[in-house]
Amino acid sequence: MKFIDVATIKLFAGKGGDGAVAFHRELYVPKGGPSGGDGGDGGSIIFVGDEGMNTLLDLKYQREIKALDGENGTIKNMHGKNATNKYIKVPLGTLIYNNETNEVISDIVAHQQELVLAKGGQGGRGNARFANAKNKAPTIFEAGDLGETLEIRCELKVLADVGLVGLPNAGKSTLLAKISKAKPQIADYPFTTLTPQLGVVRDQNNDSFVVADLPGLIADAAEGKGLGHDFLRHIERCKLIVHVLDMSGNYGTEDVYQNYLNIKSELKDYNYKLELRKEIIVANKMDLEISPANLVKFKAQMPSAEIIEISGLKNQNLTLLVNQIGATLATINENKALWQLDELPTEQEDYKVYTYRTPIETEVVVDNLGNGVWKVSGPAVQKAYQKTPITTYDNLLLFNKKLQDLKVFEMLRAKGAQQGDVVRIFDYELEWDG
């Protein structure tokens, strides 16, 4: 499957259904009361963590996701049906950003974790809801609320305990294939691994952990060159870094120590805490003739480093390596400060449902367009306009009351509106009577 780890999508939750204006009509009941039903709620868009997925491919080519609208209310107090919510599955490790503000909305880290990203609009009330002692036959009704809209960016960061890092052709894919049942593509050319490969490994204590074979790094990867950020995004989630070195120095053509320093530099440039992450150095390809001499030289330059000598091709010391990784992870798991980055969202006990809410705005704007024409706008006015269609006289009175509560009339008077002027409120044109 093609690996996709970034996707940008616009979400449109469903609109609530409109309330109805109706009156009870029945034989021998000449003056039946109001019987307009409520509209149904619009569908919400909910993202769900799925441990069986490993790519954002399903989202990559969806520019928009829309939920259904709620049904309108009808006669005889029959309420409209609520729209079904739209559930979108994403792999674990998906970070979701508000694409306009670049703020993290949430982090999908658990199977079946739910995230309400765009909430459907509430259904409007029918005229049966507005009957009272003073007005027994109201023609007041509400339109359904608009659903929330949001543009999001999803970034997948592989959830693995251990990340295998190193230059291309260091032997990471071979190592993963030998210590787990993963089957990464393996060949003797650069960038064989273009996507993260995951494998489950079990140590002598029967403890299991996930190991990721991550794409090889090149110089200036932190600046986005080569696979760059595509690689470094995934290493952030790993608790332990296993640095795989080709101890042959690519058959004597490279300085092993300098290769090691180059990788460390790229990790630091991307995120300074990655350089401080606990690591195990793996001296690979020790079956080659040149490797032992290079190892002696390397140990002299890294006297305090934890180094395990292996040959992935010849299966040498692989059990030792697996058990050492398991033991190190056990220590790390007891102290999250050893691996957790400050900027990653903290885990919450109640992770089941997160809810994004559109900020509530109360701004009212009054503009003088000249020639006796005024324009009234703003989020608060738009809410009143959308919620209260002036298709009945009662609703016209209610709409005016909402404008009065928002101090629109005071603002018009203060700015010099004269009797007979035209006041435009979105699609409405009303005459100002002072």
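This is a short dialogue on reading two sheets, a helix and a loop residue in a predicted model.

Me: What should I know about the model and its numbering?
Reply: It is a predicted model, in which local features need pLDDT of at least 70, side-chain atom pairs count only at pLDDT 80 or more, and totals for chains, interfaces and linings use all residues. Residues are numbered from 1 along each chain as its sequence is written, and side-chain values use heavy atoms, with hydrogens and water left out.

Me: Which strands stand at the edges of the six-stranded open sheet?
Reply: Two strands pair if DSSP finds at least two bridges between them. Strands (E, at least two residues) and helices (H or I, at least four) are DSSP runs, numbered from the N terminus. Here the order is β10-β11-β9-β12-β13-β14, with mixed pairing. The edges are β10 (197-202) and β14 (307-309), each of which pairs on one side only. Inside the sheet, β9 (residues 162-165) and β12 (residues 240-246) run parallel and are joined by four bridges. Gly163 has Ile241 in β12 as its bridge partner.

Me: What does α7 touch in that sheet?
Reply: Contact means heavy atoms within 4.5 Å. For angles, axes are lines fitted to C-alpha atoms, for helices over the stretch in contact, and values run from 0 to 180 degrees between N-to-C directions. α7 packs on the sheet and touches β12, β13 (279-284) and β14; the directions of α7 and β14 make about 175 degrees.

Me: Which residues of α7 are buried?
Reply: An α-helix has 3.6 residues a turn, so residues three or four places apart point the same way. Buried means under 20% relative accessible area, exposed over 50%, and partly exposed in between (1.4 Å probe, protein chains only). In α7 (residues 291-301), the buried ones are Ser291, Asn294, Leu295 and Phe298. They line one face of the helix, because they fall within an arc of 105 degrees seen down its axis, taken from the directions from the helix axis to the C-beta atoms. On the other side, Ala293, Val296, Lys297 and Ala300 are exposed.

Me: How many bridges pair β5 with β6?
Reply: Five bridges pair β5 (residues 94-98) with β6 in the antiparallel sense, and Thr94 stands opposite Ile108. Both strands belong to an open sheet in the order β3-β1-β8-β5-β6.

Me: Is Lys81 buried or exposed?
Reply: Lys81 counts as exposed because its relative accessibility is 56%. Lys81 is in the loop between β3 (64-66) and β4 (86-91). Leaving out residues up to four places away in sequence, Lys81 touches Gly40, Gly70 and Glu71.
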